[in-house]
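Here are a few notes to read alongside the model, for someone meeting it for the first time. Take them in order, with the structure open beside you.

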Amino acid sequence: MRKTKMVYFYTKHNCKLCEEAKQMLQIFQSEYNFTIVEQNIYQDERLLETYFLTIPVIRVDDEELTAEDLSFVTVEKFLAKNLKG
């Protein structure tokens, strides 16, 4: 049985784009078999410094998809590319 991949999702409270991105991730979750690790950037100074201008951010391994590139199509392509077995 293959190990479930982790998809890191950097977010903050009261962020409409973040909510939409999370819904997209949840739609693809069963298809690509991954766990969403949601992290509020305001709870980690390093994350805040790195991502405060680009959230929401979806990260798998060393690959990232930032807010400016988020759409249903780009999220699916990103997951397909980075989560294939």
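1. A disulfide here is a pair of cysteine sulfur atoms within 2.5 Å. By this rule the model, which is a predicted one, has one disulfide. Its partners are C15 and C18, with sulfur atoms 2.3 Å apart. The torsion about their S-S bond is about 70°, so the disulfide is right-handed. Both cysteines, C15 and C18, are buried.

2. Next, the sheet. Four strands make up an open sheet in the order β2-β1-β3-β4, and their pairing is mixed. β2 (34–40) and β4 (63–65) are at the edges with a single partner strand each, so one side of each has no neighbour in the sheet. On average, neighbouring strands are turned by 25° against each other, direction ignored.

3. How many bridges join β1 to β2? There are seven, and the two strands run parallel, with β1 covering residues 5–11. If you would like one pair to look up, K5 has F34 in β2 as its bridge partner.

4. Two helices lie across this sheet. Helix α1 (residues 16–32) crosses β1, β2 and β3 (57–60), and runs at about 160° to β2. Helix α3 (residues 72–83) lies across β1, β2, β3 and β4, running at about 170° to β4.

5. Helix α1 deserves a closer look. From first C-alpha to last, its 17 residues reach 24 Å, close to the 24 Å expected at 1.5 Å a residue. The buried residues in α1 are C18, A21, M24, L25, F28 and Y32. What do the buried residues of α1 pack against? They pack against β1, β2, β3 and α3. Right after α1 comes N33, and its phi is positive, near 50°.

6. A21 is a handy residue for getting your bearings in helix α1. Is A21 buried or exposed? The cut-off for buried is under 20% relative accessible area; A21 has 1% relative accessibility, so A21 counts as buried. Setting aside neighbours within four places in sequence, A21 is in contact with F9, P56 and L70. V73 lies 52 residues from A21 in sequence, and their C-alpha atoms are 12 Å apart in space.

7. For contrast, look at E45 in helix α2. Exposed means over 50% relative accessible area; E45 has 67% relative accessibility, so E45 counts as exposed. Along the chain E45 and A21 are 24 residues apart, and 22 Å separates their C-alpha atoms.

8. Finally, the interior. The largest nonpolar core has 25 residues, and V7, L25, F34, I58, V75 and L79 have the most contacts inside it. Two or more residues of this core come from each of β1, α1, β2, α2 (45–51), β3 and α3. Which element gives the largest share of this core? That is α1, with six residues.

9. V7 is a good place to end the tour. Not counting residues up to four places away in sequence, V7 touches several residues, including L25, F34, I58 and L79, and these four are also among those with the most contacts inside the core. Other residues that V7 touches include T35, I36, V37, R59, V60 and L83.

Key:
Residues are numbered from 1 along each chain as its sequence is written. This is a predicted model: local features need pLDDT of at least 70, side-chain atom pairs count only at pLDDT 80 or more; totals for chains, interfaces and linings use all residues. Side-chain values use heavy atoms; hydrogens and water are left out. Two strands pair if DSSP finds at least two bridges between them. Axes are lines fitted to C-alpha atoms, for helices over the stretch in contact, and angles run from 0 to 180 degrees between N-to-C directions. Contact means heavy atoms within 4.5 Å. Buried means under 20% relative accessible area, exposed over 50%, partly exposed in between (1.4 Å probe, protein chains only). A nonpolar core is a set of buried Ala, Val, Leu, Ile, Met, Phe, Trp, Tyr and Cys residues joined through side-chain atoms within 4.5 Å. The expected span of a helix is 1.5 Å times one less than its number of residues.
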